[in-house]
Amino acid sequence: MDLGKIIFCDTRFSCGCLQFIGGIAVERYYWGALSAAVGLGNSKLEALVAVFGSARSAYLADRQELLAARVYKEAAIDKFLKFRNLALPEQLQNFCERQQVRLMISSDADYPVSLRHIALPPKVLYIKGNLPRLDCSIGIVGSRRASTYGLKAAGDFAADLASAGLVIVSGGAKGIDSAAHKGALQAGGSTIAVLGCGIDVVYPRENTALFEQICSNGALVTEFAPGTEPLAANFPSRNRIINGMTKGILVVEAAKKSGAMITAEFAADEGHEVYCIPGSIYLPNSIGCHSLIKSGAQLVDRPEDILNDLELNFGSKQKIENLSLFASEGAEAVSELAKKLMDIMTQEPVTLEELVELSGRSLAEISGELLDLQMQGKLGLADGRRYYRI
């Protein structure tokens, strides 16, 4: 664990429990140390702490005391003792104080109620920023390698749902996650990024500025200790927290085997709603969404579908024709050639050569129009060669 890394956000978030008592780290930081301990695992931590009466006593116990507790097997105890850092609780407290990070534990009064009801609720949460109320929240997840269509859909849905008062929760990753966070922020709403790494690790690196904005209009959240790298094994755990913080999950483009599908499965198992935006049958990233729809997930093609399903009626809720997803249509003028090309693509994706043949226009003319239409989010590209209408 590298506690020397520097947090990249500058927020005014503060925690009222950040002080030393007689030079000893307070109880919550022993919980943080236990949660990060090698060999123990989180599923039995509460039982261990119950035996010793406090997280501090459990963390500082010797081998004989731990064996006598009969909570963990001998091999697990030996592994824990081998890697135990007795200075870690104090290091965590220093880190949190210095970097304005709150370490929330599951016994805190403001620990999210919805998280208490998932399988294996996180014992600790590191929070950078201000955690919004989660009474009305929606998770938006999807492919890192999203199409232009997917990015636009995620951003527009996030903006409209945020405008209606929902907190947008996602995973801070490339692609759909980033588009959802940006859409919420552009609408002046709140968003939460749940990380699969330590809160001091910027992943992906290009999201540094985005994470700073999220800290100012929501929060970064993780159960992983500072310095934890974004290992593949961390992300299923991250996904269960996204589900636990939300009323439902919106999937925007997902391959058949993907993190987004895992999040949707968590949601279904917990009895949460799963919504899917349909995509082109020619795109591999549509397979996951279409599979979920066939299995009973709700197909949605406008933000109002989700608001109505959740029976939300906010004072800020607008008529659907005023929401950005639909107000943006037709906002940018297109040329006659662009309209003709769009008409050609009404039925199915077509190649550049086919567009030249069907339109009777030159390759140079068409290439320029296609680029403009893609920049406006009106066209997508399947398999790197076939254009389709969004």
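Me: Which way does α1 pass α2, in a left-handed or a right-handed crossing?
Reply: Keep in mind that this is a predicted model. Helix α1 (residues 27-36) packs against helix α2 (residues 45-52), with the axes 11 Å apart. The contact uses W31, L34 and S35 from α1, and L45, E46, L48 and V49 from α2. As for how α1 passes α2, the crossing is right-handed.

Me: And are α1 and α2 oblique or roughly perpendicular to each other?
Reply: The two helices, α1 and α2, pack at an angle of about 135°. Roughly perpendicular would need 65 to 115 degrees, and roughly antiparallel would need over 145. The angle fits neither range, so α1 and α2 are oblique.

Me: Let's move to the sheets. In the open sheet of nine strands, which strands stand at the edges?
Reply: Read the order off like a row of seats: β1-β2-β6-β5-β4-β3-β7-β8-β9, with mixed pairing. An edge strand here has a single partner strand, so one side of it is left without a neighbour in the sheet. The two strands that fit are β1 and β9 (298-299).

Me: Do β2 and β6 pair in the parallel or the antiparallel sense, and what is the bridge partner of I127?
Reply: In general, strands of a sheet pair through backbone hydrogen bonds, either parallel or antiparallel. Strand β2 (residues 124-129) and strand β6 (residues 218-222) share four bridges, and their sense is antiparallel. Across in β6, the partner of I127 is V221.

Me: What about β3: which strands does it pair with?
Reply: On one count, three bridges join β3 to β4 (residues 167-170), running parallel, and I138 stands opposite I168 there. On another, four bridges link β3 with β7 (residues 248-252), also in the parallel sense, and G139 stands opposite I249. That gives us β4 and β7.

Me: Why is β3 largely enclosed by the rest of the structure?
Reply: Start with its two faces: S137, G139 and V141 on one side are buried, and so are I138, I140 and G142 on the other. Buried here means under 20% relative accessible area. β3 is largely enclosed because the number of its residues that are buried is six of the six.

Me: Which helix joins β3 and β4 in a β-α-β unit, and what is the hand of that unit?
Reply: We already met β3 and β4 as strands that run parallel. The helix that makes the unit with them is α7 (residues 148-163), and the hand is right-handed.

Me: Which helix lies across β3, β4, β5 and β7, and which one touches β7, β8 and β9?
Reply: The helix across β3, β4, β5 and β7 covers residues 176-186 and runs at about 145° to β3; that's α8. The one packing on the sheet at β7, β8 (273-277) and β9 covers residues 287-294, and its direction makes about 130° with that of β8; that's α12.

Me: Now some backbone oddities. Where is the cis peptide bond that leads to P204?
Reply: Most peptide bonds are trans, so a cis one is worth a look. P204 sits in the loop between β5 (191-194) and α9 (208-216). With omega near 0°, the cis bond runs from Y203 to P204.

Me: Q100 and E253 have a positive phi although neither is a glycine; which is buried and which is partly exposed?
Reply: Q100, with phi of about 55°, lies in the loop between α6 (88-99) and β1 (102-105). E253, with phi of about 65°, lies in the loop between β7 and α11 (259-269). The cut-off for buried is under 20%. At 28%, Q100 is partly exposed, while at 4%, E253 is buried.

Me: Last stop, L381: what is its bridge partner in β12?
Reply: L381 is in strand β11 (residues 379-382), an edge strand of an open sheet ordered β10-β12-β11. Four bridges join β11 to β12 (residues 386-389), and the two run antiparallel. Among the contacts of L381 are L283, Q374 and Y387. The bridge partner is Y387.

Me: And how far apart in space are L381 and S147?
Reply: In sequence, L381 and S147 are 234 residues apart. From C-alpha to C-alpha, though, the distance in space is 7.5 Å.

How values were computed. Residues are numbered from 1 along each chain as its sequence is written. This is a predicted model: local features need pLDDT of at least 70, side-chain atom pairs count only at pLDDT 80 or more; totals for chains, interfaces and linings use all residues. Side-chain values use heavy atoms; hydrogens and water are left out. Buried means under 20% relative accessible area, exposed over 50%, partly exposed in between (1.4 Å probe, protein chains only). Two strands pair if DSSP finds at least two bridges between them. A crossover is right-handed if, with the strands pointing away from the viewer, the path from the first strand over the helix to the second runs clockwise. Axes are lines fitted to C-alpha atoms, for helices over the stretch in contact, and angles run from 0 to 180 degrees between N-to-C directions. Angles under 35 degrees count as roughly parallel, over 145 as roughly antiparallel, 65 to 115 as roughly perpendicular and the rest as oblique. A crossing is left-handed if the near helix is turned anticlockwise from the far one by less than a right angle, and right-handed if clockwise. Contact means heavy atoms within 4.5 Å. Lists of a residue's contacts leave out its neighbours within four places in sequence.
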